[in-house]
Amino acid sequence: MQIVKLTLGPYDEHCYIVKEGNFCAVIDPEINDGEILCALAERGWELTDILITHAHHDHVRGVNGLPKSAALRIHEADAPYLTGTNEAVGGPFVKEDPIARPFVTFRGGDIIGPFTVMHVPGHSPGCCLFIAPGHIFSGDSLFVRGRPMLAFPLSDIRAYALSLEKMRALDPEARLHAGHGEEGCLREALPE
């Protein structure tokens with residue numbers, strides 16, 4: 001598996017490009033001025049999928065600038081917050097520009113390319129991890145030596161506690177690719 005990490009936007013959000021065989025996905029595309037497309041072009045990679053760990057604005061603002069041929073995928077619980085400006089929900093779900101493309105929903109346990117999806121609600125209702133052997137892409141559900149924000153609209157600390165128990169069952173030495181901050185292994189991100 002080949003992984004390219006780009007840090008984009010005012011929140012220093014980490015966007016990942018992952019390539020394995022014919023599968024090539026961007027995970028959580030933050031707003032960009034062509035960096036994602038340049039990284040793909042430099043490598044001669046063709047984007048097949050756009051994977052969203054959750055629908056907060058800093059993880060989806062780059063979607064509209066990506067090729068329409070790539071399938072946009074999001075967990076069904078966050079799908080209602082992907083499109084429109086979502087003023088009724090507010091906070092991190094508000095989009096300056098509506099996502100103007102069709103999307104496909106998934107659920108926990110689904111397989112997308114090399115990834116198994118794990119649904120881990122808490123930070124948002126549809127937060128998920130994308131898990132491949134030796135790698136976990138966590139969005140804002142886990143941070144190396146940090147804690148996710150659980151005070152946003154639709155965050156749920158009780159749901160997060162249950163999700164945390166599921167995440168403890170994963171390989172503690174798997175490389176954690178978080179949405180912000182440092183990278184490390186899963187054991188460095190799980191609170192005691």
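Student: What makes the contact of Arg168 with Glu165 a salt bridge?

Tutor: A salt bridge requires a side-chain nitrogen of Lys or Arg within 4 Å of a carboxyl oxygen of Asp or Glu, and the closest N and O atoms of Arg168 and Glu165 are 3.3 Å apart, so the pair is called a salt bridge. Side chains of opposite charge can pair when their charged atoms come close. The model is a predicted one, in which local features need pLDDT of at least 70 and side-chain atom pairs count only at pLDDT 80 or more, while totals for chains, interfaces and linings use all residues. Residues are numbered from 1 along each chain as its sequence is written, and side-chain values use heavy atoms, with hydrogens and water left out.

Student: Why is Arg168 called partly exposed?

Tutor: The relative accessible area of Arg168 is 34%; buried means under 20%, exposed means over 50%, and partly exposed is what lies in between (1.4 Å probe, protein chains only), so Arg168 belongs to the middle class. Glu76, at 36% relative accessibility, is partly exposed as well.

Student: Which residues are joined into one network by salt bridges that share partners?

Tutor: Lys5, Arg175 and Glu183 form that network, and the count of salt bridges comes to ten.

Student: How do you know that the salt bridge of Glu30 and Arg61 links distant parts of the chain?

Tutor: The side chains of Glu30 and Arg61 meet at 2.7 Å, N to O, although the two residues are 31 places apart, with Glu30 in the loop between E3 and H1 and Arg61 in the loop between E4 and E5. Helices (H or I, at least four residues) and strands (E, at least two) are DSSP runs, numbered from the N terminus. Both Glu30 and Arg61 are buried.

Student: What makes the buried residues of helix H1 line one face of the helix?

Tutor: Helix H1 spans residues 35–43, and its buried residues are Ile36, Ala39 and Leu40. Seen down the axis of H1, these residues fall within an arc of 95°, so they line one face (the arc is that of the directions from the helix axis to the C-beta atoms). The face turned away from this buried side carries the exposed residues Ala41 and Glu42. Among the elements that cover the buried residues of H1 are E1, E2 and strand E3 (23–27), where a contact is a pair of heavy atoms within 4.5 Å. Gly44, which follows H1, has a positive phi, near 70°.

Student: Which residues touch the most other members of the largest nonpolar core?

Tutor: They are Ile17, Ile36, Leu47 and Ile50, in a core of 26 residues, where a nonpolar core is a set of buried Ala, Val, Leu, Ile, Met, Phe, Trp, Tyr and Cys residues joined through side-chain atoms within 4.5 Å. Each of E1, E2, E3, H1, strand E4 (49–52) and strand E5 (71–75) supplies at least two residues of this core. Leaving aside neighbours within four places in sequence, Ile50 is in contact with several residues, including Val26, Pro29 and Leu72. Apart from this core lies another, of 17 residues, which has Met118, Val120, Tyr160 and Leu176 among them.

Student: How do you know that E4 and E5 pair, and in which sense?

Tutor: Two strands pair if DSSP finds at least two bridges between them, and E4 and E5 share four, in the parallel sense, so the condition is met. One of the partners is Ala71 in E5, which is bridged to Asp49. E5 and strand E6 also pair in the parallel sense, over three bridges, and His75 stands opposite Phe106 in E6.

Student: Why is Cys24 said to be in no disulfide?

Tutor: A disulfide is a pair of cysteine sulfur atoms within 2.5 Å, whereas the cysteine sulfur nearest to that of Cys24, belonging to Cys15, is 11 Å away, so the pair does not qualify. A search of the whole structure finds zero disulfides. For Cys38 the nearest cysteine sulfur, again that of Cys15, is 13 Å away. Cys24 is buried, with a relative accessible area of 0%, whereas Cys38, at 47%, counts as partly exposed.

Student: Where does Asp12 lie, and what is the sign of its phi?

Tutor: Asp12 lies in the loop between strand E1 (2–8) and strand E2 (13–20), and its phi is positive, near 50°, in a residue other than glycine.
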